[in-house]
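Hi everyone, thanks for coming. Let me walk you through a structure that will be new to most of you.

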Protein chains: 2
Amino acid sequence: MNAIDFETKPSQYKHLKLTIDGPVATLTIDTQENGGLRPGYELKLNSYDLGVDIELADAVERLRFEHPEVRVVVIRSGKDRIFCAGANIYMLASSSHPYKVNFCKFTNETRLAMEEASRESGQRYLAALNGICSGGGYELALAADEILLVDDGNAAVALPEAPLLGVLPGTGGLTRLVDKRKVRRDRADVFSTLVEGIKGKRAVEWGLVDRVVPRSQFDEVIASRARELTESAPDDGADGKGIELLPLVAKRTEKRLEYRYVTVDIDPDHRTAELIVCGPTEAPPDSAEAIHAAGCNFWSLAMARELDDALCQLRFNHETIGLVILKTSGDPESVLAFDDALARFAEDWLAREIILKLRRVLKRLDMTARSFFALIEPGSCFVGSLFELALAADRSYMLEGTDPPVHVGLGPLNAGLLPMGNGLSRLETRFLGDPNRVQQTLARKDLFDAEEALEHGLVTFAPDELDWEDEVRIAIEERAGFSPDAMTGMEASLRFPGPETMETKIFGRLSSWQNWIFQRPNAVGEKGALTLYGKPNLPEFDWRKT
Amino acid sequence: MNAIDFETKPSQYKHLKLTIDGPVATLTIDTQENGGLRPGYELKLNSYDLGVDIELADAVERLRFEHPEVRVVVIRSGKDRIFCAGANIYMLASSSHPYKVNFCKFTNETRLAMEEASRESGQRYLAALNGICSGGGYELALAADEILLVDDGNAAVALPEAPLLGVLPGTGGLTRLVDKRKVRRDRADVFSTLVEGIKGKRAVEWGLVDRVVPRSQFDEVIASRARELTESAPDDGADGKGIELLPLVAKRTEKRLEYRYVTVDIDPDHRTAELIVCGPTEAPPDSAEAIHAAGCNFWSLAMARELDDALCQLRFNHETIGLVILKTSGDPESVLAFDDALARFAEDWLAREIILKLRRVLKRLDMTARSFFALIEPGSCFVGSLFELALAADRSYMLEGTDPPVHVGLGPLNAGLLPMGNGLSRLETRFLGDPNRVQQTLARKDLFDAEEALEHGLVTFAPDELDWEDEVRIAIEERAGFSPDAMTGMEASLRFPGPETMETKIFGRLSSWQNWIFQRPNAVGEKGALTLYGKPNLPEFDWRKT
């Protein structure tokens, strides 16, 4: 398969159409049947593949940066009497296990980004279901703030994955049913086993949709509801002038991903990659206006977008890389100066959006099923927002005893502005057993040398120059040699201590069950339900319960 | 394989020895190498199989009922310089997937029962590690309140599953590391990839054990620490006279499990079972003394023990049963009278223990990977503690319009004394979207007829006699025909809305990842790490990351 490109823009969309009318945006899904990412399936009935979701993710992101004036996003279908049939089943059935799992992870991240846009940026989503809305289609609707369903005796919402395909809804549907919409669990059980779904009054009564509307009034009600949501939207100070997200300056080859501030050197033989993030080279902004003037070239934003792209590239286009070495390069003071500016101007919508983008990218890293080691060496700038990389890593090594010493440090963005999916900052998560340390470490204004960082619990190991090379080399070789599955499961269990949220439940509980089922012969075996979908033969199950 | 028997008693133990010395109990693990549940593996180095864990579960339970005077349970090894090597690897490698998963689930329930005994019954656990303590051995220690490790340059704690076997620690180890002992996640990462584990001072520094003790002082320190724990133990009013847990009165065949109050009729052809719980036939107790006099024949306790055994039987000895129909039979007023007595005398240690036993059994039901439908028909007694069965079921059907009407009702035990693993009562979990309903429904003293139960959200459906037979029959047939894996994953996602706890994390997050890995060729394939353990060949991995 060709390398997947995660960059797109509205003028290139094949499947979506984004129109803006003042504070109301409309995102129309009208999949191009032959526009799938690879041959072998047709995107009928607005079913989607990763290509469609890349457009969706792009639209959700551009709405925040390019159209901050938008208060409501209406998601509609461009096809008659069908909203969306969910992820394309033939695509799923013909995909490898790693692809299926990473596909679901990406689509989940997109839906969480919609919810974050609503919560944090005041861009609310209204799903307008003009007909059948099934599987991933309904899961997309569940990510919206409100769901309107046409009432014509035919239109229904459904999660038919379990009864029909022997798999689970893979985009948070089960979790959102009971945890977001708080549908009673017995009703959720009934609903999730009804291939034909639920329509009309019962869909409202059970809390599956917010309102049903006769077809004749559908457009009118959508428009008036969008207006209402617009009028009740909080004023977040967006002055209506967005910034353009220009294409990334990127060179991507099989062995190297090269952007302006991020570089990834890929070593397939050793199954490792070295990801280097460079600090800013320009002067920090001294006003919110300066941030606006820099736009997508503003270091924090450019770096975050590049890192995001690099993570997606690694997940899909470099499947066998098990360990990513995180490094940084640059001037610690400059990084902290950019962080300070973002924190200082956080009331400004663009500064806020940049912080939120950093937050999402770091969450994407937390959720990436690769081991991460941070190597903190001379010339590095693991401070502030970039120190989050070290905190997100599974472990960190910091070189001790050099002259001048290597430093790490904290800044305003480490104090809660970049929370993990569990709702805690990475520092709070790290010091779950000793919460006082969070404030103690944050209170210190100086940088930490290696000995101090070790003592304060900020790094895992601090070998000196005598030990560094061997210790690090052995750790890397060893890690890259372990069972990739065991590392995925181990990291998913260790990275998220403390509270669980709907978000961590979707990734930790639902996804892992889905991963399991995606491996089971009852789904993907020769006679499995997913394999046989659309074929004349009925699936045959191994009935032993686990 | 022969049917597994979950009943045992100390005089029959093959692998454990339980001795009581006043308030201090000592549980010595000394596995009989050739005493495995089935041939094909030897229980060397105190490694365990399900048979060992059945003894452990029995001991933990008997200590609470038969020896309420015990305040501290010391877990020791009967072998020299080895505490426990964990679950037997050859047993695991030669077990079916369903067996492995159910084995881990049972052992997890036993460890949670130890923690509950500490928290709720004031019986604290002290793990005294005299040598190597590896994998499931260390996970057992993690379930204790305190861990002492001998300091002899050799004894170490370790979780070598991921690096050595390509699987995860399956008994809550990863979760307890970061969530119970709050070991820093980067240290947990290092520890969980170190085959040889960690010993001595570092084990204490990293929080893996509470104290290391020179071999020469080991016995003395254990004794003094046990004494200290005894002296600081809360007085819970146990008068020192336990009740004996007599063997269950049971007849178990392939098609039927018959106890005094519980009967299970098994229909392997339709993959269903009908589980009927009978209410009490005797008069309710009018004093705590009467409960003590009845002892293990006290209805609530007898019924709970039988239901517990039936669930274990279903899990292990009737693997293909996908749907369990829950029914009750008896006088609602009698059930409520027994519940009232337990609630009224809850200060009495035995009443408390009976409630806790009910709690554990209902949790075992929540965690059982079978679909449950409750059928509420004339002659039934779904009230109070038995209404928890209907609440625990994935859905419930209540017959409407009969004369006299069928009733359900709530009592004192529904108000928080029988919480689920998520920490909420089943009513709170059910009404997550409408919390006021919990108090409203509890406040009502009358029973609910079918129409009222439906209106109050207590049952899923209330068909009348015209519809009942067809509706119920079709629902049952359909459910029993769905992919068993999809039902397992779906139910695990829908049954536990709301907060997550260490307990739900162990079952929901860790177990599902483990289930996944237990299916992956990288672990169990011909060249998988688990398959090849102890053989000369090295495992070969599919490196694609998921």
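When I say that residues are in contact, I mean heavy atoms within 4.5 Å. With that in hand: 100% of the interface residues of chain B are also interface residues in chain A, so the copies meet through the same surface.

Some housekeeping. This is a predicted model, where local features need pLDDT of at least 70, side-chain atom pairs count only at pLDDT 80 or more, and totals for chains, interfaces and linings use all residues. Residues are numbered from 1 along each chain as its sequence is written, chains are lettered from A and ligands numbered from 1 in the order in which they are written, and side-chain values use heavy atoms, with hydrogens and water left out.

How do the chains relate? A turn of 180° and a shift of 0.0 Å along the axis lay chain B on chain A with an RMSD of 0.0 Å (superposed by least squares on the C-alpha atoms of residues with pLDDT of at least 70 in both). The two copies are therefore related as by a two-fold rotation axis. In chain B, the C-alpha nearest that axis belongs to W516(B), 2.1 Å away.

Now please find K357(B). Is K357(B) buried or exposed? K357(B) is buried, at 3% relative accessible area (buried is under 20%, exposed over 50%, partly exposed in between, with a 1.4 Å probe and protein chains only). Beyond residues up to four places away in sequence, K357(B) touches E61(B), F65(B), L301(B), A304(B), R305(B) and D308(B).
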